[in-house]
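Reader: I've got a fold to look at and a few things I'd like to ask. Could you walk me through the disulfides and the core?

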Amino acid sequence: MSRNRWRCFGSLLVGTLSLPVVGCSGEEPSHEEVHSSPSEDLHTAALSTESPLEGFQDLTCGYIPCPVFQNGNVLTLAGSCATYSTLLIPDGYVLDGAGHFIIALDPPGDRFKGAIARNCGGSAFYMNLRLMLNELSDVCDTGEDALVGIRFDNATGSVINTQIFNIRQGDGTGGCQEGTGILIRNQAPLSPTQHVGVQNNLLLGYQKAGVVAVGNVFVDITNNQLVGAGPIGNVAQSGIQVGLGATGHIVNNLISGHSYTGEGVASGILVYGGPMYGGPFSTDVLIHDNQLFNNDIGVYLSQGNADQSPPAVPTNIQVVDNELHFDGVTNGYVYQAGISDLGTGNVIHSNVITGAGYDPATLPGSTFAVDVLAGPVASLAFRNPPRQVPVGLCSGPLIVQTQDVSGNLAVPAMTGFNITSAGPASPGIQFYADPACAGPSVTTLDLGNPQAQGRFYFRATTPGSVTVFVWNSDWTQGQTQQVFIPLDSAAPPAGALRVEPQH
C-alpha cells in the first residue's frame, strides 16, 4: 500500500494558478458585427448580431454583443450569435441562453483571447447556454488571455444546463496548456469565500481541463458530464481540478477519457495543494457517487509539503461510493490508479474499482486500484455512524477499516476478522454480507483488499442497544447500535380509548 517514492506530476495543472483578479468596471472591449450563413457543423441556425435589441451595454460594467431580451436582471438571448470578444455579465445578472449558441471567433488580423463570458462584478449566473470556440488560430496564450468558456473572478454565481464545446486553440492537438471549460478562481488577499454552483452541464472538446476551482471558493459540481480527448500525447488533461484552498462537493458526475501518453498523467478528479504546489491545502472536499471511466487516475489527491511529504494536519477529503473503471493501460509514464492519495486522514471507502487498467496484477508497481502513501496499521475504525434500526429490518451498512496513525487506510498483515455482539438486543442478531440481509449469515470479514475495508449488515429480533464488535488477535473495535420498535407497529395499551371512524 505504501511506496518509497511519491509521484508529483506538475504537468497536470492548468497554468492559471496565481493570476491577479482584474476588475472590468468601465471596460470598453472592441467588437465588430459578424454575419455568417447557416452551418450544419455549428449545429445552429444562422448567426447574427443584428437585432432591434442591438445587444446590451451597461454604462459601468457589462457588455453583451448579442441580441437579448431584458427582464429586470435577466438577459435572454433572442437568437444565436457570434463574437470577437468576451461577454461581460453585470453584477447580479442572469444570462439565459434559451438554448442558443454563442460562438467565439478570431477577429480579422488578430485572435480571440480570454473567456467567452465572465463576471463584471461580484456575481454572475448562466443557464441554458451553448458556448463554443470555432477554428481559432493555434497560438498559445497565458494569464488573462488564456482560453476559457466561462470565468468567475472573485465572484459567486452558477452555471446550469449549459453546453460548452471546443475550448481550445486550433483543433486542440497542439501543446498549449490552456483551454478550460469553466474557471472559478478567488486568490485575492483576504477576499471572502465565493460560492459557485456548476450543475447539469456538458463539457467536451476542452484542451486542458473541464472545470477548475482555485483559491478561496466553495464549489458545488453536480450532475455534469465531462469528456476528455484521451489517450493523447500533447496535453495531460483533467476533468475537474479543485486546489490551493478551494473546497466543496463533487457529486454524481460522469467523467471520462482523460489519459496522457507522455511522461505524466491525466486525471478525472484532481484535488491539489500545499507547499508542494506553492499554496494552501484544499480540505473537506466531498467526492461522492461519481462515475469515472478510462482516466489515468480516477481520483487524484495530491497534497503535500515542499519535500513531497504528507501534510501534518488532516486534509479530510472524502472519496466514497464512486464507480471507477479503466479498460486497459494507455498512460505513457506508466502509472494508473483508480484512487491515488497523498494526504493525511482522507476518507476512502465503498468505491467500486474495476478493469485491467486499475488491476495491480496487470503491471505490478504501475497499475493500482487504490494507491495510498500510508504507514503501518495502528487502529481499526468504523467508518459509518451508529445505526438506528427497526426490529426485524435490515440495517444500513456497517463499514470497518484498518488505518495508520494518521487515519490513512492501510491493509493489515492479518486480514481476517470476526464479528460478534453484546447487549440487550444481541440475542437473535444475525450479520449478512447482502444489503437486503438475504442469503446465509456471516461471522467473519476479510480486510485484505485495496480499500482495507469490510462491509456488512445486521438484523435483530430484540429491541434495545447492541454493541457490534469486529476483532482479531491484533485489533478490536466496537460500535453501539440501537434497535427499536416503530411507534406505528406497537399494540395499543390495554384500556386505551379507541376512536371509531365517522361516516
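Author: Sure. Let's fix one term before counting: a disulfide here is a pair of cysteine sulfur atoms within 2.5 Å. Keep in mind that this is a predicted model.

Reader: By this rule, what does the count of disulfides come to?

Author: The test is the sulfur-to-sulfur distance, with 2.5 Å as the limit. Cys66 and Cys81 pass at 1.9 Å, and Cys140 and Cys176 pass at 2.0 Å. Going through the protein by this rule, the count comes to four.

Reader: Cys61 is joined to Cys120. How many residues apart are they?

Author: Their sulfur atoms sit 2.2 Å from each other. Cys61 is in the loop between strands S1 and S2, while Cys120 belongs to strand S9, so to speak of distant parts of the chain is fair. Both cysteines are buried. The separation in sequence is 59 residues.

Reader: What about Cys66 and Cys81: is their link right-handed or left-handed?

Author: Cys66 lies in the loop between S2 and strand S3 and Cys81 in strand S5, so the pair ties together parts that are 15 residues apart in sequence. Cys66 is buried at 1% relative accessible area, and Cys81 is buried at 0%. The angle about the S-S bond is 50°, and the link is right-handed.

Reader: And why is the disulfide of Cys140 and Cys176 given the hand it has?

Author: Look at the torsion about the S-S bond, which is about -90°. That negative value is why the disulfide of Cys140 and Cys176 counts as left-handed.

Reader: Is Cys140 buried, partly exposed or exposed?

Author: Buried needs under 20% relative accessible area and exposed needs over 50%. Its partner Cys176 is buried, at 1%. Cys140 has 46% relative accessibility, so the label is partly exposed.

Reader: On to the core. Which strand gives the largest share of the largest nonpolar core?

Author: That core has 67 residues, and Leu95, Ile102, Tyr126, Ile184 and Ile287 have the most contacts inside it. The largest share is three residues, and they come from strand S19.

Reader: Which residues is Ile287 in contact with, leaving aside neighbours within four places in sequence?

Author: The list includes Ile250, Ile269, Val271, Val299 and Leu301. Also among them are Ile317, Gln318, Val319, Val320 and Asn322.

Reader: Last one: how many strands are in the secondary structure?

Author: Buried residues make up 52% of the 503 residues. The secondary structure has zero helices, and the strands come to 42.

Technical notes
Residues are numbered from 1 along each chain as its sequence is written. This is a predicted model: local features need pLDDT of at least 70, side-chain atom pairs count only at pLDDT 80 or more; totals for chains, interfaces and linings use all residues. Side-chain values use heavy atoms; hydrogens and water are left out. A nonpolar core is a set of buried Ala, Val, Leu, Ile, Met, Phe, Trp, Tyr and Cys residues joined through side-chain atoms within 4.5 Å. Buried means under 20% relative accessible area, exposed over 50%, partly exposed in between (1.4 Å probe, protein chains only). Helices (H or I, at least four residues) and strands (E, at least two) are DSSP runs, numbered from the N terminus. Contact means heavy atoms within 4.5 Å.
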